[in-house]
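Work through these exercises with the sequence and the model side by side. Try each task before you read its solution.

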Amino acid sequence: MKKKLQALAARVKVELPALFLALKDRRTSWLAKLLAFLTVVYALSPVDLIPDFIPVLGYLDDLLILPLLATLTIKLIPKDVWQDCLDKSQGIWDSGKPKKWYYSLPIIVFWLLLLFWIGKMVYQGLNN
């Protein structure tokens, strides 16, 4: 099981640059582009949906959510486009993972909205 998970994580690391390239390809459908955008942003974001310090659950996003999102996205990309993107993506991360802070904005917005919603519920509960 551990080897399967490691292989899956390694595959996602290879496929992320290709997903980024598919995102920019005009032959990719809008739904595939949307999912590719979400996948790439989530993968490169320094902020996780489930923080890694939470036991067990913290690594679920890296081991389950991200690979499942990538797999779904790849299924929506035409095979010829996907193969072109895979070919073009070889060695794209040789200089390291991009470190752009704005990739974390969707995750930060999610957490802020969740905290706002929880705060609103607590505030309403205290006033009733």
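## Exercises on a predicted model

**Exercise 1. Which residues does L19 contact, leaving aside its neighbours within four places in sequence?**

Solution.
- Step 1. Start from L19 and skip the neighbours within four places in sequence. The contacts are then A36, T39, V40, A70, T73, I74, I77 and W82.
- Step 2. Remember that the model is predicted. Each distance here is computed from its atoms.
- Step 3. Place L19 in the largest nonpolar core, which has 20 residues. L19 is among the members that touch the most other members, along with L16, A18, L66, I77, W82 and C85.
- Step 4. Ask which helices supply this core. Helices α1 (2–24), α2, α3 (57–76) and α4 (79–89) each give at least two residues. The most come from α1, with six.

**Exercise 2. Describe the setting of T39, one of the contacts of L19.**

Solution.
- Step 1. Locate T39. It sits in helix α2, which spans residues 30–44.
- Step 2. Check its exposure. The cut-off for buried is under 20% relative accessible area. T39 has 0% relative accessibility, so T39 counts as buried.
- Step 3. Look for polar partners of the side chain. One of its polar atoms lies 2.7 Å from the backbone oxygen of L35. The T39 side chain also makes a polar contact with the side chain of T73, at 3.4 Å.
- Step 4. List the contacts, again leaving aside neighbours within four places in sequence. T39 touches L16, L19, L66, L69, A70 and T73.
- Step 5. Take one C-alpha to C-alpha distance. T39 and I65 are 9.4 Å apart in space and 26 residues apart in sequence.

**Exercise 3. On which side of α4 do its buried residues lie?**

Solution.
- Step 1. Pick out the buried residues of α4. They are V81, W82, C85, L86 and S89.
- Step 2. Use the arc around the axis. These residues cover only 135°, which puts them on the same side of α4.
- Step 3. Turn to the other side of α4. There, K79 and K88 are exposed.
- Step 4. Follow the chain just past the helix. Just after α4, G91 takes a positive phi of about 75°.

**Exercise 4. How many salt bridges does a search of the whole structure find? Trace their partners.**

Solution.
- Step 1. Count them. The search finds two salt bridges.
- Step 2. Take D25 and R27. They form a salt bridge, with the closest N and O atoms 2.9 Å apart. D25 lies in the loop between α1 and α2.
- Step 3. Compare each relative accessible area with the cut-offs: buried is under 20%, exposed is over 50%, and partly exposed is in between. D25 has 11%, so D25 is buried. R27 has 34%, so R27 is partly exposed.
- Step 4. Take D84 and R27. They form a salt bridge too, with the closest N and O atoms 3.0 Å apart. D84 lies in helix α4 and R27 in the loop between α1 and α2, so this pair ties together parts that are 57 residues apart in sequence.
- Step 5. Classify D84. Its relative accessibility is 30%, so D84 counts as partly exposed.
- Step 6. Join the pairs. Through shared partners, the salt bridges link D25, R27 and D84 into one network.
- Step 7. Add the other contacts of D25. Leaving aside neighbours within four places in sequence, D25 touches K33 and V81.

**Exercise 5. What pattern does the protein chain follow along the sequence? Add its overall figures.**

Solution.
- Step 1. Count the elements. The protein chain has five helices and zero strands.
- Step 2. Read them in order. The pattern is α-α-α-α-α.
- Step 3. Take the buried share. Of the 128 residues in the chain, 30% are buried.
- Step 4. Consider contacts with a separation of 6 or more. Residues 24 or more positions apart account for 71% of them.
- Step 5. Finish with the surface. The accessible surface of the chain comes to about 8900 Å². Carbon and sulfur atoms hold 70% of this surface.

How values were computed: Residues are numbered from 1 along each chain as its sequence is written. This is a predicted model: local features need pLDDT of at least 70, side-chain atom pairs count only at pLDDT 80 or more; totals for chains, interfaces and linings use all residues. Side-chain values use heavy atoms; hydrogens and water are left out. Helices (H or I, at least four residues) and strands (E, at least two) are DSSP runs, numbered from the N terminus. Buried means under 20% relative accessible area, exposed over 50%, partly exposed in between (1.4 Å probe, protein chains only). A polar contact is a pair of N or O atoms within 3.5 Å; within protein, one must be able to donate a hydrogen and the other to accept it, and residues adjacent in sequence count only if both atoms are side-chain atoms. Contact means heavy atoms within 4.5 Å. A nonpolar core is a set of buried Ala, Val, Leu, Ile, Met, Phe, Trp, Tyr and Cys residues joined through side-chain atoms within 4.5 Å. The arc is that of the directions from the helix axis to the C-beta atoms. Accessible areas come from the Shrake-Rupley method with a 1.4 Å probe; for residues, only the protein chains shown count as cover. A salt bridge is a side-chain nitrogen of Lys or Arg within 4 Å of a carboxyl oxygen of Asp or Glu.
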